[in-house]
Each structure stands twice: as C-alpha cells, then as structure tokens.
2 protein chains.
Amino acid sequence: MIAELTNAEIDELLHEQVVGRIGCHADGVTYVVPVIYAYDGESVHVATIEGQKVRMMRANPSVCFEVDEYAAPGRWRSAIVQGTYEEAEGDEQAASLALLAERFARGGDGQGARRPEAHDRQTVCFRIRVREATGRAVSR
Amino acid sequence: MIAELTNAEIDELLHEQVVGRIGCHADGVTYVVPVIYAYDGESVHVATIEGQKVRMMRANPSVCFEVDEYAAPGRWRSAIVQGTYEEAEGDEQAASLALLAERFARGGDGQGARRPEAHDRQTVCFRIRVREATGRAVSR
C-alpha cells in the first residue's frame, strides 16, 4: 500500500532525519551525494567543503533533495524536495552553523556530522530552499 | 578522516546494501528517488512500476546511483555510480527478476522490496550499467 504523505508528514520527516541526498545536474552530469543537514521548516541547511557538489550547484542551483527512512520490514517513508541552492555568507552563514550545531546537539551528531567551523576557509554553508515537496509511505 | 574506497570496497558496498537512490535528469528537472535493488557486479537491477523515474530515464538514460551506510557514530561509507539506464525485456527481465528474488530471499526482503511479478503489466524491469564509480569512507 502506497500513501501520499501530507505536507505536515513531509515536514515531520524532514525534521527527523539527519542524512539526506542532494541531486544536482550540470554540464550533462547528474550527481547524487549524501549530506548531513538541519531543516528549519523552509530550507535545508548544510555545512560542507568546496568540491564537486558545490561547483555543480553554483552552476545550476535548481536541485533535488531526498530523505528516506526504513522503519520496519516492509514499511518505509520518503520525501523528495525540489529546491533552490543558496550560498550563505556572513550572518546567514552564522545562522546556518548555529542551526546545525543545535540540531546535532540534540541527537544528530551520532550520524557523523561534520563539525562546522566558521573559520575554516574551505567551509561552504548553503541552504536548499524548498519550492515543492512530495512524500510517500509504503506499508506491506 | 576521509578515505577513497578501492574498487573492491565499492563493489562490496554495492553488494551489501539493498536500498539505493537513483538521480536522473530530464527537461530541466533533477529527481532523486529511493529504490530497492540487486547488484550483479556490473549492473544494478530494479523492478518498479511505470512512473516519473522511468519516464525520465527513458528520456535521458545517463543516470547516477548512490548508496550510503552509517555504521556507527561518525563512521560512514558511500558509493556514487555514473551509469546507463537499460530497460530489460524478455529473457533479460526474467534474469533481473530472478536476481532480485534471490537477493531478497537471503535477507533483503526485510527492507520493503516490491515483490516482482513478471505478469504484472505495470512492472518495469531495468538495470543501471555501471560506467564508473567512486566511494568514500569517513571516520572521526
């Protein structure tokens, strides 16, 4: 049985999870990469380092973000977001880092989060602003 | 500490996992969707139903496939594949369904796999043929 999630259920799933996957596309290449994130109800916040995904999202800021959860045998939920990449600097970067620190302090740090370091020159903070989201729950 | 996985380690991770995410792109939209799969050492095999991901991969067969695993706090591995979508019919479909059935019989069925039904008219079997793959292990 497949059920569409409501907006509230999608929101809940995005708040619960700490690992999601970004899908981005540039120069004919599609790339999917896992990230640790925090969700504020409007955007997904990520602190990472310079690399392929950042280069691709700068080139094409229209991206996908996905989370899934396998709760029990035959029972899973997933959410798929279409969103816009926005790089955070200055006050926005500080706000993203604070949100991530708060998220990981209450249980997310067990998942291998990168410890955000505002003074690390390689650090790139960005958010994916949710434009639309769909979700599904499967139970068998 | 981030280490690149060897080809053998990537292969092992692809054999172990049963849930992966496909990234595809068509008509300006990037889409990431979780799937249950079986890996034969060369391709990822999936049985699904007609829908958005199948339409998009038919339009643009150059796709990405991703798996990740969070083994313990601060310790995770991931693999990212660039591959080609190929739809399976006839004998190829039967071979894919047999591989999936065998994979789920030895422990994957706890993950919510769709039971493949060769006579289900909506069923689409496809494989993603691996062109190149990279993998990373993070430990903190």
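This is a short conversation about the contact between two chains in a predicted model.

Colleague: Let's start with the pair Asp68(B) and Arg21(A); what makes this a salt bridge?

Modeller: The side chains of Asp68(B) and Arg21(A) meet at 2.8 Å, N to O. The cut-off for an Arg nitrogen and an Asp oxygen is within 4 Å, so the pair counts as a salt bridge.

Colleague: And why is the pair Glu66(B) and Arg21(A) called a salt bridge?

Modeller: Here the N to O value is 3.9 Å. The limit is within 4 Å, so this pair qualifies too. Glu66(B) lies in strand E6 of chain B and Arg21(A) in strand E2 of chain A, so the pair joins two chains. Both residues are buried.

Colleague: How many salt bridges are there between chain A and chain B?

Modeller: The count is four. Strands E2, E3, E6 and E7 of chain A each supply at least two residues of the side that touches chain B. The largest share, seven residues, comes from E3(A).

Colleague: What about inside one chain: how do you know that Arg21(B) and Asp68(B) form a salt bridge?

Modeller: Their closest N and O atoms are 3.6 Å apart. That is within 4 Å, so the name fits. Arg21(B) is in strand E2 and Asp68(B) in strand E6 of chain B, so the pair ties together parts that are 47 residues apart in sequence.

Colleague: Why is Arg21(B) called buried?

Modeller: Its relative accessible area is 4%. Buried means under 20%, so Arg21(B) belongs in that class. Asp68(B), at 7% relative accessibility, counts as buried as well.

Colleague: Which residues are linked in a network of salt bridges?

Modeller: The network links Arg21(A), Glu66(A), Asp68(A), Arg21(B), Glu66(B) and Asp68(B).

Colleague: Now to Glu12(B) and Arg77(B). Is Glu12(B) buried, partly exposed or exposed, and why?

Modeller: Glu12(B) has 42% relative accessibility and counts as partly exposed. Partly exposed lies between the limits of 20% and 50%, so the label follows. Its salt-bridge partner Arg77(B) counts as buried at 18%.

Colleague: Back to the contact as a whole: how much area is buried between chain A and chain B?

Modeller: About 2400 Å², of which carbon and sulfur atoms give 59%. Thr30(A), Val32(A) and Tyr70(A) supply 24% of the area that chain A buries against chain B, more than any other three residues. The contact takes 31 residues from chain A and 31 residues from chain B.

How values were computed
Residues are numbered from 1 along each chain as its sequence is written. Chains are lettered from A and ligands numbered from 1 in the order in which they are written. This is a predicted model: local features need pLDDT of at least 70, side-chain atom pairs count only at pLDDT 80 or more; totals for chains, interfaces and linings use all residues. Side-chain values use heavy atoms; hydrogens and water are left out. Contact means heavy atoms within 4.5 Å. Buried area is the accessible area (1.4 Å probe) that two parts lose on being put together, summed over both. Helices (H or I, at least four residues) and strands (E, at least two) are DSSP runs, numbered from the N terminus. Buried means under 20% relative accessible area, exposed over 50%, partly exposed in between (1.4 Å probe, protein chains only).
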